Amino acid sequence: MITKIIQEEKIQKVKKYVEKGDKFVIVTHVSPDGDAIGSSLGLYHFLTEYGKDNVTVIVPNDFPAFLKWMPGAKDIVIYDRYKEFADQLLQGADVIFCVDFNIPKRVDKMAEALINAPGRHVLIDHHLDPGDFCRVVISYPEMSSTSEMVFRLICRMGYFDLINREIAECIYTGMMTDTGAFTYNSNKPEIYIIISELIKKGINKDEIYRKVNQTYLESRLRLMGYVLYEKMQIFPKQKAALLTLSAEELKRFNYKSGDTEGFVNLPLSIKGISFSAFLREDPDNVKVSLRSVGDFPCNYFASTYFNGGGHKNASGGEFYGSLEDAVAVFEKGLMDFNPGNIEDLNKDK
Ligand code: 5GP
Ligand code: MN
């Protein structure tokens, strides 16, 4: 038995929406990651298995190649390619599940269409500070992934038996990717009870790990070598590291979406480094990724300096300006808010 975390009243509401609804849309955040796609597709397959035949996942923009193998991935509608079609689906939906994000801004250009859609909105998320834009808000930041919450929701509605291998694969992928393959944020024993159930549903967890983590292109590995050798700055006093890549460097290494996934974690394997940042010069802005181990709240750093947010140990944001200016802001942040001074920050090292 796993603990009942989601309030009963919310479970009953969602159960009613599932029973009565005809047209369902599931949306998730911009630059979808494994948990975003995993929780969306997990829910998608659940609704399909339940008997609903009008269910669509819409994402604001494309998602990385290492998630394209997931069952149902090819049916996902990408908003910035099929805006009109997606707008129609949103307008016509009876129920709209908003998964793995807390505020409409996180769905980028889709925000207006999402808010204005007349259907019942249900939020399923694990980020702090959920916004007030959904009729039912299922938000539990202590959960390590939204995919885990989807599993809990399905079970609590009484539909454990409907969970098939496809649903289980999607849920496992999200749980795995949001915990760095169970290397952080993953000390809750119930995670492993859930995994055990997913294995009984037929998933091959080792194969999922390989499909997600070991299908990169040669160009990604060369870019990783370059960024570590040439572009890593260490700030020993602050126990911090910074990686940067300019647009020109990305072009030189034939960069494709997803190629820099996980780079931000690499400096955390250095003894004494507890805070790591990766700044990437994208066409419209500088994408900021932050990671920490221990008590340093990256989400605070992300919201103070980079108009972003996220989790304590994994957060991100955006910077509108040059890469050099973004680096200067980062360095100022380090001086104002020295992660090296946080007590106990390095207790695990
Ligand atoms: P990543 O570094 O993998 O892009 O993002 C890590 C986490 O930080 C995401 O799961 C999300 O919670 C958060 N995050 C990333 N970018 C942004 C952003 O621009 N705004 C906000 N509010 N959160 C972000
Ligand atoms: Mn997540």
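# Close-up views of a predicted model

**View 1. Phe296, a residue tucked away in a loop.** With a relative accessibility of 0%, Phe296 counts as buried, because the cut-off for that word is anything under 20%. This is a predicted model, so keep that in mind for every view here. You'll find Phe296 in the loop that runs between strand 10 (286-292) and helix 11 (298-306). Now look for Gly340: the two residues are 44 apart in sequence, yet their C-alpha atoms sit 8.8 Å from each other in space.

**View 2. Asn307, on the other side of helix 11 along the chain.** Asn307 belongs to the loop between helix 11 and strand 11 (309-310). Is Asn307 buried or partly exposed? Its relative accessibility is 45%, so Asn307 counts as partly exposed. Who does Asn307 touch, once we skip its neighbours within four places in sequence? The contacts are Lys105, Ala302 and Glu318. Phe319 is worth finding too: it is 12 residues from Asn307 in sequence, and the C-alpha atoms of the pair are 7.3 Å apart.

**View 3. The manganese ion (ligand 2) and its protein donors.** Four side chains reach in here: Asp35 (OD), Asp100 (OD), His126 (NE2) and Asp178 (OD) are the protein donors, at 2.2 to 2.4 Å from the manganese ion. Written along the chain, the donors have the spacing D-x64-D-x25-H-x51-D. Distant parts of the chain are linked by the pair Asp35 and Asp178, which are 143 residues apart: Asp35 is in helix 2 (residues 34-50), while Asp178 is in the loop between helix 6 and helix 7. Asp35 has 0% relative accessibility, so it counts as buried. Asp178 is buried as well, with a relative accessible area of 15%.

**View 4. Ligand 1 and the residues around it.** There are 14 residues around ligand 1, and the ones that come nearest are His127, Lys287, Ser289, Arg291 and Ser315. Zoom in on Ser289 and you'll see a side-chain N or O atom 2.7 Å from an oxygen atom of ligand 1. Arg291 also uses its side chain, with an N or O atom 2.9 Å from an oxygen atom of the ligand. Gly316 takes part through its backbone instead, where an N or O atom lies 3.2 Å from an oxygen atom of ligand 1.

**View 5. Helix 5, wrapped up by its surroundings.** Of the 11 residues in helix 5, 10 are buried, so the helix is largely enclosed by the rest of the structure. Among the buried ones are Met149, Val150, Phe151, Leu153 and Ile154, but also Glu148, Arg152 and Arg156. After helix 5 comes Gly158, with a positive phi near 95°.

**View 6. Helix 7 and its buried side.** Let's check the length of helix 7 (residues 189-200): at 1.5 Å a residue, its 12 residues should span 16 Å, and the end C-alpha atoms are 17 Å apart, which agrees. Which residues of helix 7 are buried? They are Glu190, Ile191, Ile194, Ile195 and Leu198. Those residues cover an arc of only 145° around the axis, so they lie on the same side of helix 7. Their cover includes helix 5 (146-156), helix 6 (165-177) and helix 8 (205-213). Turned away from that buried side is a face carrying the exposed residues Pro189 and Lys200. Following helix 7 is Gly202, where phi is positive, near 110°.

Methods:
Residues are numbered from 1 along each chain as its sequence is written. Chains are lettered from A and ligands numbered from 1 in the order in which they are written. This is a predicted model: local features need pLDDT of at least 70, side-chain atom pairs count only at pLDDT 80 or more; totals for chains, interfaces and linings use all residues. Side-chain values use heavy atoms; hydrogens and water are left out. Helices (H or I, at least four residues) and strands (E, at least two) are DSSP runs, numbered from the N terminus. The expected span of a helix is 1.5 Å times one less than its number of residues. Buried means under 20% relative accessible area, exposed over 50%, partly exposed in between (1.4 Å probe, protein chains only). The arc is that of the directions from the helix axis to the C-beta atoms. Contact means heavy atoms within 4.5 Å. Donors are N, O and S atoms within 2.8 Å of the metal (3.2 Å for Na, K and Ca); water is not among the atoms, so sites may look incomplete. A residue is near a molecule or strand if one of its heavy atoms lies within 4 Å of it. A polar contact is a pair of N or O atoms within 3.5 Å; within protein, one must be able to donate a hydrogen and the other to accept it, and residues adjacent in sequence count only if both atoms are side-chain atoms.
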